[in-house]
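Biologist: Let's go through this model in short steps. Ready to start?

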Amino acid sequence: MKHASRPRVTIVTPYNAAANNGNWHTAARWAMCLSRRCRVSLEQSWSGASCDLLIALHARRSADSICRFAAAHPASPLVVVLTGTDLYRDLAISEEARQSLELATRLVVLNELGPRRLPPHVRGKAEVILQSAQPLPAARKPAGQLDIAVVGHLREEKNPRLVWALLRRLPADLPVRIRHVGEALDPELEAGARAATRDLRYQWLGGLSRARAREVIRRSHLLLHPSSMEGGAQAVIEAVTSHTAVLASGIDGNAGLLGEDYEGLFTENDVDAACALVLRAARQPGFVESLRRRCERRAPLFGPARESATLLRLVDNCLLPSERAIR
């Protein structure tokens, strides 16, 4: 970056550390990466302070910050990062979210299939940045049973109901244990989780720290990720980089990480298909091993150095004089 002093970058995310969700972790990780070369501010809403570049996570929730920054600094670069709810819900129903795409000088999506959900006339502004996780060594998995991790707060987008429906369909004598990590964000879903614990094969662990949740993933044979909406599922990335195989709904936010031909994908909200994959995994250890090997081949895509390099290149390009915005 050819600046007399380090450039000022503001990252806006509608969530803070207490939310302990993917948006917050992305913002915090990017702030740490950029702080080596930039002066970085992390804000829930743009304060109005001058900066050389604004990066806003969430086209709809950060729409006010995006609009105010574009009006105050029409020649300054503005990056909008599209979340799962942006891409797969809000763009269809929210004028604010669509306006954010128009005001952005660059767009970022977090899975390889994300660009195809953008309006054609803005796809040229889009770049894919795959998120990362530190690789962890493989852990010894329990013998004699299939251990399955589910990681995601209890909210509709994560589709915990499929987990409970699947559990009811599994044979009572199937040696399986499901450990579910996630805070209760919905009273009805909390009741569902508590009811599911009547089956001793299911444990709801509640909210855990990132490190403890990842250890649950690392020590499981499988991560089950049945979500109905994802920008790029961090739990999937953490499984792939922990030598743990994945079963996931075939939505873009999962298939765009694992590959559309990944054998462990099932149709969104299809309990029968998910159940069939779990039964196959329990009865055919070779199937789990083949999924694990496939995940390991994808793991280099989610290395921290790769994510950092892609992010830094985007910021460098945004700050070039030739890239200053003409909206």
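Biologist: At the start of helix 4, which backbone nitrogen does a side-chain oxygen of Ser94 reach?

Modeller: Keep in mind that this is a predicted model. Helix 4 spans residues 95–103. At its start, a side-chain oxygen of Ser94 comes to within 3.3 Å of a backbone nitrogen, that of Glu96.

Biologist: Where around helix 4 do its buried residues lie?

Modeller: The buried residues are Ala97, Ser100, Leu101 and Leu103. Around the axis they cover an arc of only 170°, so they lie on the same side of helix 4.

Biologist: Which elements do the buried residues of helix 4 pack against?

Modeller: Ala97, Ser100, Leu101 and Leu103 are the residues in question. Their partners include two strands, strand 4 (78–81) and strand 5 (106–109). The helices they pack against are helix 3 (84–93) and helix 2 (63–72).

Biologist: How do helix 2 and helix 4 cross, left-handed or right-handed?

Modeller: Their axes come within 9 Å and cross at roughly 35°. Helix 2 contributes Ala63, Ile66, Cys67 and Ala70 to the contact, and helix 4 contributes Glu96, Ser100 and Leu103. The crossing is left-handed.

Biologist: Which helix gives the largest share of the largest nonpolar core?

Modeller: That core has 62 residues; among those touching the most other members are Leu166, Ile178 and Tyr202. The largest share is seven residues, and it comes from helix 10.

Biologist: How many residues are in the second, separate core?

Modeller: Cys51, Leu78 and Val80 are among its members. Leu103, a buried residue of helix 4, also belongs to this core. The size of this second core is 24 residues.

Technical notes:
Residues numbered from 1 in each chain as written. Predicted model: local features only at pLDDT ≥ 70, side-chain atom pairs only at ≥ 80, totals over all residues. Heavy atoms only, no water. Buried < 20%, exposed > 50% of the residue type's maximum accessible area, 1.4 Å probe, protein only. Helix = DSSP H or I, 4+ residues; strand = E, 2+ residues; numbered from the N terminus. Arc of directions from axis to C-beta. Contact = heavy atoms within 4.5 Å. Polar contact = N/O pair within 3.5 Å; in protein donor to acceptor, adjacent residues only side chain to side chain. Core = buried A, V, L, I, M, F, W, Y, C linked by side-chain atoms within 4.5 Å. Axes fitted to C-alpha atoms, helices over the stretch in contact; angles between N-to-C directions. Left-handed = near helix turned anticlockwise from the far one by under 90°.
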